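I opened this notebook to keep track of what I looked up, place by place, for someone meeting the structure for the first time.

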Amino acid sequence: MKKKYETPLLDELEKGPWPSFVTEMKKAAQKSDIANDGLGQLEKSFRTKRGYWKHGGIVGVLGYGGGVIGRYSSLPEEFPGVAHNHTVRINQPSGWFYTTKALREICDIWDKYGSGLTNLHGSTGDLVLLGTRTENLEAIFAEYSSRGWDLGGSGSAMRTPSCCVGPARCEWANIDTLDITYTLTQEFQDELHRPAFPYKFKIKTAGCAVDCVAAIARADLSIIGTWKGKIQIDQNEVQNYAKKGMNINAEIVNMCPTQCISYDGKTLKIDDAECSRCMHCIAKMTKALRPTGEKGATILVGSKAPIVVGSLLSWVIVPFIKAEPPYTELKALIHKIIEWWDENAKPRERIGEVIEIKGMRSFLEYIGVPPHPAQIKFPRKDPFIFFKDEDFEKVYKKGKY
Amino acid sequence: MALPQRKTDIGPPNYEQFLPPIIKKNYGKWKYHEELNGGTMVHVAESGDKLWTVRVASPRILSTDTIREISDIADKYCDGYLRFTSRNNIEFLVSNEKSLEPLQKELKQKGYTIGGIGNRVSNIVHTQGWVHCHGAATDASGLVKAIMDELFEYFTTKKLPNKVRLAVACCVNMCGAVHCSDIALVALHTKVPPIDHDRAGKICEIPTVIASCPTRAISPDPARKSVKINEEKCMYCGNCFTVCPAIEIHNPESDGIAIMVGGKVGSLRSNPKFSKLAIPFFYNEPPRWPKVVAAVKNILETYAKHARKHERVGEWIERIGWEKFFKLTGIEFTFVEKVLICSPDCHSCESRNPELIEFTRTGFPLKACGNDTYGYFRVFQQAVEIAPTY
Amino acid sequence: MEMDELKDKIFAFMEKYKGKKKLKEKDVCKGVAEEVGVSTDEVKKALREMIDVGKLMYSYGGGASSVEIPSEEYLREKGLIK
């Protein structure tokens with residue numbers, strides 16, 4: 001296919017050392033009208049400083065309510081190739097591991113039906129196929145699903161869960177993030193493909209508090225690995241770090257948020273009872289320190305981007321839960337959490353917002369989790385309390401006070 | 001040719017079939033890892049097995065041809081296995097040390113960029129921008145390319161006090177993790193969108209348009225069979241444009257970019273943090289946004305010069321204070337009009353105006369309320385003129 | 001109630017709101033269950049079958065998904081009518 005458009009502004013973005021998306025678009029444009037006209041329209045956007053896409057609501061595959069994002073050019077006469085420019089979300093394998101055979105298969109199908117352009121990967125984690133026409137969608141779905149690939153989530157639904165590399169290649173993983181993600185994705189297939197929720201619901205799983213998948217900031221339900229035992233210390237390795245130039249007092253001891261580490265130049269000591277398991281010392285001295293004892297997950301809920309009442313970070317709901325196959329307890333908890341949200345949310349309210357509106361008590365009582373100081377930043381700062389009779393009966397009369 | 005039989009609700013393929021044998025063997029039994037250079041690390045298992053990872057930059061938008069080329073390389077050196085990271089980098093997984101140097105050599109020959117490991121700038125997480133998004137106030141891929149060209153050596157070689165995570169979102173809906181990044185760019189529309197009433201009446205469903213507005217700024221305009229927008233409440237999010245193209249959110253003259261700093265997601269040392277507004281507005285200057293790029297580099301290098309080892313950008317700023325941050329970076333601190341969106345648990349308005357209780361559920365920009373825990377900064381019309389002279 | 005009869009009731013319910021209100025799946029299940037006197041799970045099952053064959057469809061707009069009666073264009077595209 002020959003070059004269709006002059007793209008002087010985009011050509012500027014082929015200069016410089018960083019890999020260029022323009023080069024990728026040009027490669028695809030050699031074979032695809034969609035990519036070619038996409039390039040032409042993008043050049044126009046760069047020239048006029050505005051986008052030319054329209055949102056399309058009702059494209060998809062039969063039976064599903066998500067996985068395809070409808071997009072149309074608002075300049076279809078000028079750029080007919082992108083009159084339709086829908087994206088297809090393919091649910092990625094846990095941890096984004098692939099064989100080249102699988103990737104080539106994905107490419108071959110996509111070249112047949114779409115622009116030849118992809119995102120590896122989209123923000124939620126899906127493998128994104130960028131640009132096709134409405135009439136190709138059923139064929140695309142048949143080709144991919146018959147080879148074992150399903151669509152990802154979109155709209156008011158469970159979104160494609162994702163996770164960090166976990167135990168596949170990381171010594172810090174306290175939980176099997178890949179297996180949890182695969183299991184939960186299978187568990188929620190109906191909720192993922194058929195949007196019946198008040199709004200989107202995201203699950204992300206990280207193996208430790210380093211949180212390489214941003215679970216605490218980008219998921220309604222964040223599953224983060226943690227441990228209960230002591231941090232095991234290899235004093236020889238501590239000395240090796242010191243010999244290699246690490247200033248252990250400045251870099252480790254003084255940076256410990258709970259000040260539970262001491263070092264006298266020979267021996268490193270950790271007061272495990274005061275450790276908050278933040279991962280700083282372990283991450284910086286990975287050869288010398290490692291968590292031991294019981295492993296599991298902390299369950300947090302609520303994070304979201306700012307639309308509409310402001311961004312939220314996830315906060316702790318269950319400080320520690322066992323996370324081992326078949327994950328019965330974990331699954332039951334998540335079902336309860338979603339049920340409460342579904343019952344109480346108005347359209348377009350994320351779970352974090354609904355808990356703020358309805359209160360932690362309503363939420364915790366429904367899901368059957370007792371109040372715990374780990375769930376709060378600090379207790380309330382005033383004594384204006386609505387006392388309920390049942391609280392006297394259930395709590396205060398029987399309590400310690 | 002007949003299509004194969006579709007299957008539904010099968011979910012993704014099981015990840016196990018994509019794991020290289022060395023990972024299957026040592027799954028969950030890794031002992032430690034070491035960084036060998038800016039883009040290479042080795043993981044050592046309890047068994048003594050070693051797995052080398054070579055990380056390569058990606059523009060995220062990849063053509064099928066490039067994916068095939070990457071696959072050819074992985075076939076040659078990695079037994080046909082590879083993975084991608086949460087920041088869109090490509091990782092080649094090498095189980096045979098002898099393959100490591102030839103792999104790195106071939107990658108360099110073919111123009112791939114190795115880096116992004118350790119205390120460096122990794123790939124920028126970003127959204128679709130003008131390439132594909134209907135509501136974008138800038139182009140994300142172009143901005144990312146321009147910034148990463150400038151910060152290139154911070155990806156490949158140069159070390160920083162800690163890792164620095166950058167993100168770009170092309171509107172306030174923030175499909176990327178912009179709200180918790182060390183340096184975050186978020187594109188903004190800055191004016192109340194004009195309505196083409198003739199078209200709106202014909203092509204848009206009025207109830208849907210009204211419902212789309214998160215601040216309830218849109219109400220019916222029965223005389224024109226259209227809608228009207230309360231300018232006091234509009235925060236230019238563009239959600240109405242999503243459902244009604246007759247409400248034109250794009251404005252090339254006034255769409256632009258804000259820079260926010262100091263966010264993080266990990267819990268190491270200090271709690272995760274939101275990014276905070278540093279510079280409220282830059283005009284779009286495609287193809288290379290020179291002022292934005294210079295501002296990002298300035299913040300990064302000021303941090304690199306002044307922060308202590310292991311401090312993230314946000315931790316450094318909190319230690320020295322925001323006043324010092326603005327002084328050291330030379331960023332002019334300006335007025336911004338904030339859109340107050342009341343928090344559902346605040347209720348301080350109720351005693352003043354009981355009628356507002358109903359509205360608090362969906363978020364109501366409430367000028368009477370002094371609670372500033374939540375809400376947006378709002379680049380007010382005039383503020384565009386007094387934006388920093390960067 | 002017979003499945004086919006329930007499906008007719010669901011369709012009638014959808015027609016009643018067509019162009020007036022975007023109905024979420026839950027609105028349909030609750031509304032029809034109340035009107036007809038069956039459980040929401042039964043309605044959901046019937047609704048699912050209708051969506052699977054294109055009698056009804058999912059739509060998306062303004063950040064929310066809904067259920068709708070498909071347009072002729074959609075049915076043609078899916079090869080369900082000529």
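The entries below go through a strand and its partners, then two surface patches, and then two loop residues.

Entry on the model. I noted before anything else that this is a predicted model, and I read each entry with that in mind.

Entry on strand β5 of chain A. I began with β5(A), which covers residues 117-120, and looked up which way its side chains point. Leu117(A) and Asn119(A) point one way from the strand, while Thr118(A) and Leu120(A) point the other way, and I found all of them listed as buried.

I then asked which strands are joined to β5(A). One is strand β4 of chain B, residues 61-63, which runs antiparallel to β5(A) and is joined to it by three bridges; in this pairing Leu117(A) stands opposite Ser63(B). The other partner I looked up is β6 of chain A, residues 127-132, which is also antiparallel to β5(A) and joined to it by three bridges, with Leu120(A) standing opposite Leu127(A).

I stayed with the hairpin of β5(A) and β6(A), where six residues lie between the strands, and noted that Gly125(A) takes a positive phi near 125°.

Entry on a nonpolar patch. On the surface of chain A I looked up a nonpolar patch of about 460 Å², which is made by Ile385(A), Phe387(A), Phe392(A), Val395(A) and Tyr396(A). I placed Tyr396(A) in helix α15, residues 389-396, and because its relative accessibility is 38%, I entered Tyr396(A) as partly exposed.

Entry on a negative patch. In chain C, I found that Glu2(C), Asp4(C), Glu5(C) and Asp8(C) form a negative surface patch. Glu2(C) sits in the segment before α1(C), the helix of residues 3-17, and I wrote Glu2(C) down as exposed because its relative accessible area is 61%.

Entry on Ala219(A). Is this residue buried or exposed? Ala219(A) lies in the loop between α8 (215-218) and β9 (221-227) of chain A, and it counts as buried because its relative accessibility is 0%. I also looked up its separation from Glu349(A): the two residues are 130 apart along the chain, and their C-alpha atoms are separated by 14 Å.

Entry on Gly238(B). I found Gly238(B) in the loop between β11 (226-229) and α8 (239-243) of chain B, and with a relative accessible area of 8% Gly238(B) is buried. From Gly238(B) to His179(B) I noted 59 residues in sequence and 18 Å in space, taken C-alpha to C-alpha.

Technical notes:
Residues are numbered from 1 along each chain as its sequence is written. Chains are lettered from A and ligands numbered from 1 in the order in which they are written. This is a predicted model: local features need pLDDT of at least 70, side-chain atom pairs count only at pLDDT 80 or more; totals for chains, interfaces and linings use all residues. Side-chain values use heavy atoms; hydrogens and water are left out. Patches are made of residues with over 30% relative accessible area and no salt bridge: like charges are joined within 9 Å, nonpolar side chains (Val, Leu, Ile, Met, Phe, Trp, Tyr) within 5 Å. Accessible areas come from the Shrake-Rupley method with a 1.4 Å probe; for residues, only the protein chains shown count as cover. A salt bridge is a side-chain nitrogen of Lys or Arg within 4 Å of a carboxyl oxygen of Asp or Glu. Lys and Arg count as positive and Asp and Glu as negative; His and the chain ends are not counted. The place of a charge is taken as NZ of Lys, CZ of Arg, CG of Asp or CD of Glu. Helices (H or I, at least four residues) and strands (E, at least two) are DSSP runs, numbered from the N terminus. Buried means under 20% relative accessible area, exposed over 50%, partly exposed in between (1.4 Å probe, protein chains only). Two strands pair if DSSP finds at least two bridges between them.
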